[in-house]
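Subject: Structure for you to look at, with notes

Dear colleague,

Here is the structure I promised to pass on to you. Please open it beside this message, since the notes are meant to be read with the chain in view.

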Amino acid sequence: MMMNTGIIPFMTNLIDYAGLFPPASLPLETAIRQHAAYQVGEDAWMLGSFVIPATKLTELDPHLPLFSKERPLVISAIGRKSTCADECLEALRADLKEIAAFRERHAGLVKVGVLELPLPSALPTAELLAAIADGAVQHNLRAFCEVTIPLGNDWERLMLGTLEMLSAHNLSNKAVLGLKLRTGGVLPEAFPTPGQVATVLASCRDRGIPMKFTAGLHHPVRMFRGEVGTKMHGFLNVFFAGLLAHAHFLNLGTITEILSDEEARSFAFTSEGLAWREYSLSLERIQQFRESMLFSYGSCSFDEPREDLQALGLL
């Protein structure tokens with residue numbers, strides 16, 4: 001069965017392989033060998049970066065012979081967690097030092113292009129965001145800030161406040177900071193509701209903030225999963241919602257509907273692009289938004305998403 005061409009720009013480099021992280025929690029040697037194998041497999045075009053904490057970069061040294069200048073190891077480095085702005089800046093400096101030393105040791109074999117930095121669980125200051133952006137620029141990194149605010153009663157106020165700070169920074173600086181949204185975990189309380197995800201998608205769209213995602217997006221379409229005891233977001237739901245929200249300036253209710261949709265047949269790829277109900281998007285526009293606003297998502301499995309797409313007849 002030939003796949004519709006609309007899925008190609010949608011899935012290109014979409015899945016960052018995060019096999020080191022729960023629930024897979026693979027040993028580093030296993031995870032990096034898997035990643036190397038995926039790079040030469042027939043679905044390598046869907047593979048994004050290898051996700052690894054900056055603190056573990058030195059542990060990759062013995063495994064660099066798996067890669068080459070023609071097929072380098074592309075990395076998204078995860079920054080250290082912190083509890084306050086001063087601690088965050090100290091951790092940032094240490095992470096950037098690790099990245100620079102790793103690049104120097106393996107020039108030509110590695111590309112560390114992204115830094116994913118958890119912010120302290122409070123509203124960030126303009127000074128903190130400026131320092132993060134400056135460090136990222138100096139080391140030729142695209143930085144995504146992960147908001148670590150708990151999903152409680154004050155979540156929306158603090159999330160929107162953080163997005164306002166990111167937006168103000170991006171408007172006044174050449175170095176643009178993106179947002180990394182956590183869409184799940186190993187416990188039910190780690191999963192934001194469709195309404196919460198829609199709030200972030202719409203708010204980032206309105207403020208021109210680039211996004212990437214992590215956790216809980218193993219499967220294409222939203223469904224209940226017994227292993228986590230709740231409904232998991234689907235990566236088709238999340239990226240269709242984000243792409244169509246940008247293209248059609250969808251309201252919050254429609255974005256929430258897309259995120260809540262549990263019918264696989266609602267999500268269509270065609271030779272011209274993609275469609276959900278009456279909303280469509282061309283191949284060129286999919287590629288445009290994927291390369292500028294909606295980058296990728298981290299998954300501890302590269303196999304599950306592809307197997308599910310095959311089961312749906314999309315691959």
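The notes below take up the strands, then the pockets, and last the cysteines.

Please keep in mind throughout that this is a predicted model.

I begin with the barrel, which is closed and is made of eight strands in the order β1-β2-β3-β4-β5-β6-β7-β13, with parallel pairing. On average, and with direction ignored, neighbouring strands of this sheet are turned by 30° against each other. Where β7 (residues 211–214) meets β13, the two strands run parallel and are joined by three bridges, and there Thr 214 has Gly 298 of β13 as its bridge partner.

There is also an open sheet of three strands, in which the order is β10-β11-β12 and the pairing is antiparallel. Its edges are formed by β10 (267–269) and β12 (279–282), and because each of these has a single partner strand, one side of each is left without a neighbour in the sheet. From one strand to the next, the twist averages 15°. Between β10 and β11 (residues 273–276) there are three bridges in the antiparallel sense, and Phe 267 has Trp 276 in β11 as its bridge partner. Between β11 and β12, which also run antiparallel, there are four bridges, and Ala 275 is found opposite Ser 280 in β12. These two strands, β11 and β12, form a hairpin that leaves two residues between them, and Arg 277, which lies in the turn, has a positive phi of about 50°. When you look along β12 you should see the side chains alternate, with Tyr 279 and Leu 281 buried and pointing to one face, whereas Ser 280 and Ser 282 point to the other face and are not buried.

Turning to the pockets, the largest encloses about 970 Å³ of space. It is lined by 42 residues, and those closest to its centre are Glu 146, Arg 182, Gly 184, Thr 214 and Ala 215. Two or more lining residues come from each of β4 (110–118), α5 (155–172), β6 (178–182) and β13 (294–299), with β6 giving the largest share, three residues. Sorted by class, this lining holds 24 nonpolar, 11 polar and seven charged residues.

The second largest pocket holds about 470 Å³ of space. Of the 25 residues that line it, Thr 12, Asn 13, Gly 48, Arg 290 and Phe 295 lie nearest its centre. Several elements supply at least two lining residues each, including α2 (28–39), β2 (47–53), β3 (73–78), β5 (142–146) and α9 (283–292). By class, the lining divides into eight nonpolar, 10 polar and seven charged residues.

Finally, since you may well ask about the cysteines, a search of the whole structure finds zero disulfides. Cys 204 is in no disulfide, and the nearest cysteine sulfur, which belongs to Cys 145, is 11 Å away, whereas a disulfide would need the two sulfur atoms to be within 2.5 Å. Cys 204 has a relative accessible area of 1% and is therefore buried, and Cys 300, with a relative accessible area of 9%, is buried as well, the cut-off for this being under 20%.

With best wishes

Key: Residues are numbered from 1 along each chain as its sequence is written. This is a predicted model: local features need pLDDT of at least 70, side-chain atom pairs count only at pLDDT 80 or more; totals for chains, interfaces and linings use all residues. Side-chain values use heavy atoms; hydrogens and water are left out. Buried means under 20% relative accessible area, exposed over 50%, partly exposed in between (1.4 Å probe, protein chains only). On a 1 Å grid over the protein atoms alone, a cavity is a set of points where a 1.4 Å probe fits but cannot get out, and a pocket is an open set with protein on both sides within 12 Å along at least five of seven lines; lining residues have an atom within 4 Å of a point. Grid points are joined across faces, edges and corners, and a volume is the space filled by probe spheres set on the points. Ala, Val, Leu, Ile, Met, Phe, Trp, Tyr, Cys and Pro count as nonpolar, Asp, Glu, Lys and Arg as charged, and the others, Gly among them, as polar. Two strands pair if DSSP finds at least two bridges between them. Axes are lines fitted to C-alpha atoms, for helices over the stretch in contact, and angles run from 0 to 180 degrees between N-to-C directions.
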